[in-house]
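The following exercises examine a single protein chain, each with a solution in steps. Please study the sequence and the structure before reading the solutions.

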Amino acid sequence: KMKEAISMKKMRLVAATLALMTALTFPTYAAEWKQDSVGWWYQNDDGSYPTNKWQEINGVQYYFGNDGYMLHDTTTPDGCSVGTDGARIKKKGEVPSATALLNELKAKSSNLTGIDAFDSSTDPNGKLGRPGYYISKADFSDARVAQVGQYLCGGTLETFATEEDCKKRTDYLNSMNDPSFGFLALNQYVYSYKKVLFRVEYDLSPEQAEEYHQQMNAIMNGYE
């Protein structure tokens, strides 16, 4: 019994030593803003920093360039405006591109892993830019959905010139969600705004899709 007690003490000592060594080996970081003579950047809590992307910090969205510095008083690569403080400037009634909106969503959701924008020559439906259809379109991938085939799997976002065009497209897609269509059915959650149509694959659960929905609601609240 005495040997067992000594052995247990040794094990506890080894465990404590390993824990201390781990703490000393791997530095800890605090998520915080940093500044030098060039500008501001943001250090995440794992020591990394955002580049070429939007990141939401304390409910505000900022864009960080290729060098990691925050952009300010300019237009971002995806066509959005940022102010003197770097915060994104939203204008009521404005309709950003599909890519810009998905970049905002990506800043809110770590599950959104990729964005692929279409143009009139790559749109699989051949409708982009045609009268009565969407004026911009992009797919996005979700980390929880298997990526199969040529296009990203997760969902799609389309923007429209008029509310009427958006409503007509929404009605059509909702009609395609009929299970009787079998493999031809759309199989997507469809969320419509005034001039924006947001779709999420049925591969995600209703709860997971609703999380995206609520995040998109927060984004669109700044425009509608």
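What is the accessible surface of the chain, and what share of it belongs to carbon and sulfur atoms? The accessible surface comes to about 13,100 Å², and 54% of it belongs to carbon and sulfur atoms. Such areas are obtained by the Shrake-Rupley method with a 1.4 Å probe, and for residues only the protein chains shown count as cover.

The model is predicted: local features need pLDDT of at least 70 and side-chain atom pairs count only at pLDDT 80 or more, while totals for chains, interfaces and linings use all residues. Residues are numbered from 1 along each chain as its sequence is written, and side-chain values use heavy atoms, with hydrogens and water left out.

**Exercise 1. Describe the chain as a whole.**

Step 1. Count the elements: the chain has 4 helices and 12 strands. Helices (H or I, at least four residues) and strands (E, at least two) are DSSP runs, numbered from the N terminus.

Step 2. Consider burial: 39% of the 224 residues count as buried. Buried means under 20% relative accessible area, exposed over 50%, and partly exposed in between (1.4 Å probe, protein chains only).

Step 3. Consider contacts, defined as heavy atoms within 4.5 Å. Among the contacts with a separation of 6 or more, 46% are between residues 24 or more positions apart.

**Exercise 2. Identify the pairing of strands β1 to β2 and of β3 to β4.**

Step 1. Two strands pair if DSSP finds at least two bridges between them. Strands β1 (residues 32-35) and β2 (residues 40-43) pair in the antiparallel sense over 4 bridges. Lys-34 has Trp-41 in β2 as its bridge partner, and a hairpin through 4 residues joins β1 to β2.

Step 2. Strand β3 (residues 53-57) runs antiparallel to β4, to which 5 bridges join it. Ile-57 has Val-60 in β4 as its bridge partner.

Step 3. The hairpin of β3 and β4 has 2 residues between the strands. In its turn, Asn-58 has a positive phi of about 55°.

Step 4. Why is β4 described as largely enclosed by the rest of the structure? The reason is that 4 of the 5 residues of β4 (residues 60-64) are buried.

**Exercise 3. Determine how helices α2 and α4 are placed.**

Step 1. Helix α2 (residues 98-108) is mostly covered, with 8 of its 11 residues buried. Among the buried residues are Leu-101, Leu-102, Asn-103 and Glu-104.

Step 2. Turn to helix α4 (residues 206-220), which holds Tyr-212. Tyr-212 is buried, with a relative accessible area of 2%. Leaving out residues up to four places away in sequence, Tyr-212 touches residues including Leu-105, Leu-112, Phe-140 and Phe-198. The C-alpha atoms of Tyr-212 and Leu-112 are separated by 9.4 Å, although the two residues are 100 residues apart along the chain.

Step 3. Ala-209 is also found in helix α4, and Ala-209 counts as buried at 0% relative accessibility. Beyond its neighbours within four places in sequence, Ala-209 is in contact with Tyr-189, Tyr-191 and Val-200.

Step 4. His-213, likewise in helix α4, counts as buried at 17% relative accessibility. With residues up to four places away not counted, His-213 touches Tyr-191, Tyr-193 and Phe-198.

**Exercise 4. Characterise the largest pocket and the largest cavity.**

Step 1. Fix the terms. On a 1 Å grid over the protein atoms alone, a cavity is a set of points where a 1.4 Å probe fits but cannot get out, and a pocket is an open set with protein on both sides within 12 Å along at least five of seven lines; lining residues have an atom within 4 Å of a point. Grid points are joined across faces, edges and corners, and a volume is the space filled by probe spheres set on the points.

Step 2. The largest pocket has a volume of about 510 Å³. Its lining has 24 residues, of which Asn-125, Lys-137, Arg-169, Leu-186 and Arg-199 lie nearest the centre.

Step 3. Helix α3 gives the largest share of this pocket's lining, 5 residues.

Step 4. The largest cavity holds about 40 Å³ of space. Its lining consists of Cys-80, Ser-81, Arg-88, Ile-89, Lys-91, Glu-94 and Tyr-223.
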